[in-house]
Every structure is written in structure tokens, then in C-alpha cells.
Amino acid sequence: MITTQEITNKVQEHYGWIATLQKEVARVVVGQKDLVDGLLIGLLTNGHVLLEGVPGLAKTLTVKTLASAIHTGFKRIQFTPDLLPADLVGTLIYNPREGVFTTKHGPIFSNLVLADEINRAPAKVQSALLEAMQERQVTLGDQTYKLPDPFLVLATQNPLEQEGTYQLPEAQLDRFMLKLKIDYPSRAEERQILDMMGTSMPKLDVQAVIDPKEIIKARELVNSIYIDDRVKDYIVDVVFATREPSAYKLQMAGMIRYGASPRATIALTLAARAKAYLEGRGYVTPQDVKSIGLNVLRHRVAVTYEAEAEDMTSEKIIEKVFANLPVP
């Protein structure tokens, strides 16, 4: 049986490409370490990522920069209220001369797909992504087409208070492994942004430094990272505490409309493994689970109207769960 030290040695031999990619992204994107790490965790776990923040915080720029630093396909889809499902996945076009239908693939047939301002399109368009995100395939007519590997949807959205936005359906939200909230940069970072971008023609040259084979190889290593049974039990307890808080002596009666799904348990396990990989370890610690838990769970827990009236958000509930559950 392979030991955790041997797994750690393998990880440390291989994970040098992470620093190379981070360095290339940092040539254009100032700060935003949590955002970049979240996108890397998405790459390492084959999980889709939702980015939320007010306009102007470099959400789109970061995704485009990351895609440019990898030798891979990239498509950007600008979501608007008049977008149609066929504009995403493609359609069948009738050729009257030959009397046959031909298939026209949409922009979803790429490796990295940036769904920009995803909540500006109505639910029927957002739902067109469901099959692609979960099964990594698209059905057009009676034919099913496999999507390329790697395939990741990196979606951005503005906060719902912004005018002209639609709530994402729960089934759509659950398919995102992570939801990252992007905050304003620090004063020092903003000063650096000014030096880099304070011109009408900023230099945004990014070289493709990573091959997709590196990412696919890294995923195999991430899957082999060791998780102790006590940490697995801790992950299950965290998810169950969002469904049955009273069973864990948490005073949250009537505050949770529904808790996290089994998909959250799987996502939290995978994300914790990827977090350990980013830090060059071959084993998962409870701190890995805690550090990534909010990003995995914040969009999977829905609060009641009573909780909203008391200013209790899903994030506060998750923080309370982590604060009160005993750590192994």
C-alpha cells in the first residue's frame, strides 16, 4: 500500500506547473489570489466555477488570462436577455437542396467556456447548460455529441440586486462545484492596477505555458491524495448539519429551507484534495475542508424567509456549522 509520504513526493515532483501558471496569470491580474486558486481547483477537479462580484473586479479578465496561459480552446459567450438555447449548444439546419439536416455546433463545444454575466439570460437559456455541465455532452435532435476534455464552464454573475438580472435555478447552481465571491482589491493592489492599466493600450500579453495533458495528469494525482476516515466523516457531518442542524445541537430551527445535496459531499471531498495538491501535500487535513467549505456550500444552502428577515444568510449558516462542529 502506498504511503502518504510517497503520495506527497509524487505531488511535489509534479505540481511545479501550478507556480508557472500562477506567475503567467499574475503578469496581467493583480492580487485576487483566492479567485485564481479557485479557478485552479476547478481545473484540478473537473468542476465548474461561478464567480460573483460587482462589475470591474477583473472576473472576465482573470478567466480570459487563465485560458490564454493554457494551450487549449476558449470561447466566451455574452449572456443577454434575448439569447436562445441554440445560441449556446447549436442547432440543426435544414438544407432544402439535399433535403437533409446538418448539425451546427454552438460555442459550448470548447475546452474552457466563459459564460459572461450568466444571470442576465432567462432560465430557459441557463437550463441549456445543464446537460453539458453534468454529463459533458450535448443532444441535438436525435444525436448526442461528446464535449472535449477538459471541459469547464467558468461563469460570471453580478449580484442579484443589480438591475436586469435573473435568479439562477437551483438545479443550475448545484452543478457549479464552487461559487467564488470576488471582493475589491487592497489599496496597494489598486495602486499597482493603476500603474499597469492606466493607459488606453495596456499590455496584456500572455503566453500559453501549460499543456492540457499536465492538467489531466494532475487530476489523476489529485484523485490519489489520501483522506483519513475521520476527515471523511467530518465532511459528511458538515453536509448533514446543513440539512439537520438540530441533530448537531445547532440552534437554527426554521432557518434552512433546504440543505446541501450529496453532490456537495463529493464536491467538498474533491475540492479538499485539490487544495492539498496546491499546497504540495499528499493528504487532506480538516483545515483544507474548512478553507474551501464556504465556496463549495454557499450556493447549495437555501435559507427561509424568516432567516432572511433576521439577516441570516447561507454564508452565516455555513460559518456557524464550521464553528460549532468538532474538528477531528
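**Exercise 1. Unusual backbone angles**

In which loop is Arg136 found? Work this out in the predicted model, and then describe the backbone at Arg136, Glu117 and Pro150.

*Solution.* Begin with the place of the residue: Arg136 is found in the loop between helix H7 (130-135) and strand E6 (137-140). Next, look at the backbone, where Arg136 has a positive phi of about 55 degrees although it is not a glycine. Then turn to Glu117, which is not a glycine either and has a positive phi of about 55 degrees; Glu117 sits in the loop between strand E5 (112-116) and helix H6 (123-127). With a relative accessibility of 22%, Glu117 counts as partly exposed, because that class lies between the limits of 20% and 50%. Finally, examine Pro150, which belongs to the loop between strand E7 (143-146) and strand E8 (152-157) and is joined to Asp149 by a cis peptide bond with omega at about 0 degrees. These cases deserve a note because most residues other than glycine have a negative phi, and most peptide bonds are trans.

**Exercise 2. A pair of charged residues**

Is Arg300 buried or exposed, and which side chain does the side chain of Asp174 meet in a polar contact?

*Solution.* First locate the two residues: Asp174 is part of helix H8 (residues 170-174), whereas Arg300 lies in the loop between H13 and strand E11 (302-303). Then compare each value with the cut-off, since buried means under 20% relative accessible area. Arg300 has 4% and is therefore buried, and Asp174, with 14%, is buried as well. In the next step, follow the side chains: that of Asp174 makes a polar contact with the side chain of Arg300 at 2.8 Å, while the side chain of Arg300 also reaches the backbone oxygen of Met177 at 3.1 Å. To finish, list the surroundings, leaving aside neighbours within four places in sequence. On that basis Asp174 is in contact with Ser261, Arg263 and Arg300, and the contacts of Arg300 include Phe176, Tyr258, Gly259 and Arg263.

**Exercise 3. The nonpolar cores**

Which residues of the largest nonpolar core touch the most other members, and which helix gives the most to this core?

*Solution.* Start with the whole set, which holds 73 residues; those that touch the most other members are Trp17, Leu21, Leu43, Leu44, Leu178, Tyr277 and Val289. Now ask where the members come from: helix H12 (residues 262-278) gives the most to this core, with nine residues. Another core lies apart from the largest one and has 26 residues, among them Ile108, Ala115, Val125 and Leu129. As a last step, take Trp17 as an example: beyond its neighbours within four places in sequence, Trp17 is in contact with Leu44, Ile210, Glu214, Ile215, Ala218 and Tyr277.

**Exercise 4. The second largest pocket**

How many residues line the second largest pocket, and which element supplies the largest share of the lining?

*Solution.* Consider the space first, which is about 320 Å³ in the second largest pocket. The lining is made of 18 residues, and the closest to the centre of the pocket are Lys33, Asp34, Leu35, Lys181 and Asn295. Then assign the lining to elements: helix H3 (33-45), strand E9 (176-181) and helix H13 (286-297) each supply at least two residues, and the largest share, six residues, comes from H3. Sorting the lining by class completes the solution, with seven nonpolar, four polar and seven charged residues.

Methods: Residues numbered from 1 in each chain as written. Predicted model: local features only at pLDDT ≥ 70, side-chain atom pairs only at ≥ 80, totals over all residues. Heavy atoms only, no water. 1 Å grid on protein atoms, 1.4 Å probe; cavity = no way out; pocket = protein on both sides within 12 Å on 5 of 7 lines; lining within 4 Å. Points joined across faces, edges and corners; volume = space filled by probe spheres on them. Helix = DSSP H or I, 4+ residues; strand = E, 2+ residues; numbered from the N terminus. Nonpolar A, V, L, I, M, F, W, Y, C, P; charged D, E, K, R; others polar. Buried < 20%, exposed > 50% of the residue type's maximum accessible area, 1.4 Å probe, protein only. Polar contact = N/O pair within 3.5 Å; in protein donor to acceptor, adjacent residues only side chain to side chain. Contact = heavy atoms within 4.5 Å. Core = buried A, V, L, I, M, F, W, Y, C linked by side-chain atoms within 4.5 Å.
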